[in-house]
Amino acid sequence: MSDQRIDLVGLSREELKAEMERIGEKGFRAKQIWQWIYHYGVTDFSKMTNISKNLHGKLADHFIISRPHVSEELTSVDRTRKWLFKFDDNNEAETVFIPEEDRGAVCISSQVGCTLTCKFCHTGTQLLVRNLSAAEIVGQFMAARDSYNEWPSPPGDKRLLSNIVLMGMGEPLYNFENVVKALKILMDQEGISLSKRRITLSTSGVVPEIRRLGEQADVELAISLHAPRDDVRNEIMPINKKYPLKELMAAVRDYPAAINARRVTFEYVMLKGINDSEADARELTRLVKGIPCKFNLIPFNPWPGSEYECSDRKTQKRFTEILNRAGYTATIRVTRGQDILAACGQLKSESERTRCSRLKARLEAGIPDDEHHLMTQTAS
């Protein structure tokens, strides 16, 4: 029976109302159930106390309230927590909670794997498998709340899981419809009720969808920039060949956050000898001139097989000083969760790590790998 039941998580309000009407119930039931799912965090219909016992059974016959399966939960020495979630088709994605003193951000994935192949990013070495559904995106945050027992939704200033950053696996704007649907659920005032100022979406620069995002969700915007010139960005971020910096900066200037003087975040991973010179810093200030913004400078997190090194502390400090003198806030991100591979650019599903490890062993032993050959042919 469970295979035939519909998951209520991830449905829009209108879709939830339609499901109630489909089973012969009044539309107002949708509001009640919405609040139980997203404000109280219940997964059991029998705990919905303002709904009759007869309806409990009827709902359970037709619907489920899901969470992704937690395959692994790791907590770093610095209190960063990472979950490996397994979905119904056995695909996996990772989610990370980055705590501060009395609050913190949940870093959510939008795809299984990634299609962008940014050369400095570990996650980008995993081929794109599929987009995550709205239910799977929202479910990551709900499961994180389960882990910290943060139900019902506390007032905004009392929340430990206070922010969401769409900076996990995948390019969120290449999964636009599901991501925006999930964002609207997360921001709904009768449920999880996160302010749009508490949600930041990070994109590598999918220009047309940046404009659509501003029209449909208007959450905070972060741009994975990482280079002030097209020649360097073309090399380390192939997406720049499709959407070069001139087009990207125009889209950012038109984004509601920039127009309304809310600061856009530019993320910039520090790569030794690649993008970290004083000339690069000065070029960066010229590139973003006129955009209300701040810089998040990210020390490169090495991973096996990477060809880059992290800029040294002296270089990072000098780079920061140049941006500061030009009037911009620039901070060097403190690396968090590195001991559990939860730091920026390190997310990669365990199944992919295992598959790659197995593949390497087979190739070293001289054993042909038909699966890898097929994937390579498909990708090309």
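Trainee: With which feature should one begin: is arginine 145 buried or exposed, and which side chain of opposite charge is nearest?

Mentor: Arginine 145 is buried yet takes part in no salt bridge. The nearest side chain of opposite charge, that of glutamate 150, is 4.1 Å away. A salt bridge requires the nitrogen and the carboxyl oxygen to be within 4 Å. Please keep in mind that this is a predicted model.

Trainee: Where does arginine 145 lie, and with what is it in contact?

Mentor: Arginine 145 belongs to helix H4, which spans residues 134-148. Apart from neighbours within four places in sequence, its contacts include Tyr38, Trp151, Pro154, Leu161 and Ile192. The charged residues Glu150 and Arg159 are also among the contacts of arginine 145.

Trainee: How should confidence be read, and what is the mean pLDDT of the chain?

Mentor: pLDDT expresses the predictor's confidence in each residue, from 0 to 100. Here the chain has a mean of 88, and 86% of its residues reach 70 or more. Over residues 353-363, however, the pLDDT is below 50, and this stretch has 14 contacts in the model beyond near neighbours in sequence. Residues 365-380 likewise stay under 50, with eight contacts beyond four places in sequence.

Trainee: How many helices and strands are there, and what share of the residues is buried?

Mentor: The chain has 13 helices and 14 strands. Of its 380 residues, 53% count as buried. Among contacts with a separation of 6 or more, 65% are between residues 24 or more positions apart.

Trainee: Which residues have the most contacts inside the largest nonpolar core?

Mentor: They are Phe120, Leu213, Phe266 and Phe295, in a core of 106 residues. Phenylalanine 120, taken as an example, is in contact with residues including His226, Met237, Leu271 and Trp303, once neighbours within four places in sequence are left aside.

Trainee: How does one read a strand such as E6, and which of its residues lie on each side?

Mentor: One considers its faces and then its partners. In E6 (residues 104-107), Gly104 and Val106 are on one side, Ala105 and Cys107 on the other, and all are buried. Strand E5 (residues 92-99) pairs with E6 in the antiparallel sense over four bridges, and a hairpin of four residues joins the two. Within this pairing, phenylalanine 97 has valine 106 as its bridge partner. Strand E9 (residues 163-166) runs parallel to E6, with three bridges between them; there, cysteine 107 stands opposite valine 165.

Trainee: How many salt bridges does the structure hold, and what does the pair of lysine 196 and aspartate 218 tie together?

Mentor: The structure holds 26 salt bridges. Lysine 196 and aspartate 218 meet at 2.9 Å, N to O. Lysine 196 lies in the loop between helix H5 and strand E10, and aspartate 218 in the loop between helix H6 and strand E11, so the pair ties together parts 22 residues apart in sequence. Lysine 196 is partly exposed, at 33% relative accessible area, whereas aspartate 218 is buried, at 12%.

Trainee: How far apart in helix H6 are arginine 212 and glutamate 209?

Mentor: They are three residues apart, which separates them by about one helical turn. Their closest N and O atoms are 3.1 Å apart in a salt bridge. Arginine 212 is partly exposed, at 26%, and glutamate 209 is buried, at 17%.

Note on methods
Residues numbered from 1 in each chain as written. Predicted model: local features only at pLDDT ≥ 70, side-chain atom pairs only at ≥ 80, totals over all residues. Heavy atoms only, no water. Buried < 20%, exposed > 50% of the residue type's maximum accessible area, 1.4 Å probe, protein only. Lys, Arg positive; Asp, Glu negative; His and termini not counted. Contact = heavy atoms within 4.5 Å. Pairing = 2+ DSSP bridges. Core = buried A, V, L, I, M, F, W, Y, C linked by side-chain atoms within 4.5 Å.
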